[in-house]
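Biologist: I am new to this structure and would love a close look at one part of it. Could you pick a single strand and walk me through its surroundings?

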Amino acid sequence: MRPHRFTVACARCESYEREKVQDAVREAVELAGGFPPIPGEVLVKANLLSPCDPARAVTTHPEVLRALCLLLSGTGAEDIEIADNPGYIFRHQEAELLQKTGMLDIQNEKIAKVGLLSRNGFRDVSVTDAVSLNTMRVSQTILTSPCLINVSKLKTHVETEITGAIKNMFGISDTDTRKKAHGMKGQTFLLNAVIDLFSVRVPDLCLLDAVDGMEGNGPSHGTATRIGWIAVSKNALALDVVQGWIMGYKNPFSITLLDIASQRLDGPRSMEEIELKGAEWEDLPAKGFRKASGSIRMFPAFLRGMVHRLVTLYPELDRPTCTRCGICMRVCPVKAITMEGSDFPLIDTRACVRCLCCHEMCPCGAMQVSESLLSRFIR
Ligand code: SF4
Ligand code: SF4
């Protein structure tokens, strides 16, 4: 048996009260073995998916980022930047994004610079052993960063089940790469694309904001719920496995993304290879946590590719909520949505690859997700 090699440190944090968050972040970082060597310049990759109030648990909470940056300053970092690429429809709303997510306050306090990962453009890269994406266009800022800290938010995801440390790195790519990743039929193409992108620049440290998380049909339209943990690890997969455990998975490796990641990335292949510090396993699961809909996870991993189309979720419009903004049409990677000749979006179900980007990016939750009859029957 391989020895314990992957440490995940947890610290209780019952609210976003400033002192409590600072104490929890410091404790978790110390238990995880401290920061990697700090070269002076540090990039913090947050989750800034859309211009949302932090209370909705769509984005990494500013108090967690604030506490992390203050701690980094105390250990020699002189030039700290917090950045992300939001969903592509929000890429021209930088000011609104940074203001609503609480990032501007951090910048105004001179704790860190904040901005978009796209600011220095993108570059074509390829990684050895890529499975889905032979080439990817990745943020120059990420590629040139001497120290990268990945700060994810605990959330569900209607397509990948979990939004954690590995999935958070999906945001380092440009729109075309993300559309390419979403645009192929079959779930494993997207999951391997997520891992391809993660492999481009493996973070030096990962921190999970699980003080509040998102349950239900995340990552944009689920429900915020109190979880009460900050967790830190040098290994993203180990951190995601612990996140899956917090979300109530008895075997987090049954999440297909983590199963594939355990075969492709450096990281644990079983729970026994994770050394948990600061908490006992039985203390971690969030009581009554609601996973994303969908019964695909009831099938063993080797069958999921075959049954995906039959049991996967599909988008369905709730007309009374729809404002007819057309965003869903613009984000669909396979142009399955049209609005010509109709006041409302129309979905070509034969062309739809069920990536649910339209659900994720709909600003008012009008593009909902539904389950097939078969899916409901077997659940
Ligand atoms: S479903 Fe959502 S994104 Fe699409 S047109 Fe309606 S409101 Fe806009
Ligand atoms: S209609 Fe929605 S779920 Fe279907 S391919 Fe387009 S964006 Fe994806």
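Modeller: Happily! Let us start with one facing pair: Val42 stands opposite Ile80, a residue of strand β3. Please keep in mind that this is a predicted model. The strand to look at here is β2, which spans residues 41-45. Its partner β3 covers residues 79-84, and the two pair in the parallel sense over 5 bridges. How does the chain get from β2 to β3? The path runs through helix α2, residues 62-73, and the resulting β-α-β crossover is right-handed.

β2 also pairs with strand β7, made of residues 148-157. This pairing is again parallel, and it has 3 bridges. Here you can look for Val44, which stands opposite Ile149 in β7.

Is β2 mostly buried or exposed? Of its 5 residues, 4 are buried, so the strand is largely enclosed by the rest of the structure. A residue is called buried when its relative accessible area is under 20%.

For contrast, you might turn to Leu346, which belongs to strand β14, residues 346-347. Leu346 is partly exposed, because its relative accessible area is 40%, and that value falls between the 20% limit for buried and the 50% limit for exposed. Leaving aside residues up to four places away in sequence, Leu346 touches Ala336, Ile337 and Thr338. Ile337 is also one of the residues around ligand 2, as are Ile347 and Leu356. From Leu346 to Leu356 there are 10 residues in sequence, and their C-alpha atoms are 14 Å apart in space.

Key. Residues numbered from 1 in each chain as written. Chains lettered and ligands numbered in written order. Predicted model: local features only at pLDDT ≥ 70, side-chain atom pairs only at ≥ 80, totals over all residues. Heavy atoms only, no water. Near = heavy atom within 4 Å. Buried < 20%, exposed > 50% of the residue type's maximum accessible area, 1.4 Å probe, protein only. Contact = heavy atoms within 4.5 Å. Pairing = 2+ DSSP bridges. Right-handed = clockwise from strand over helix to strand, strands pointing away.
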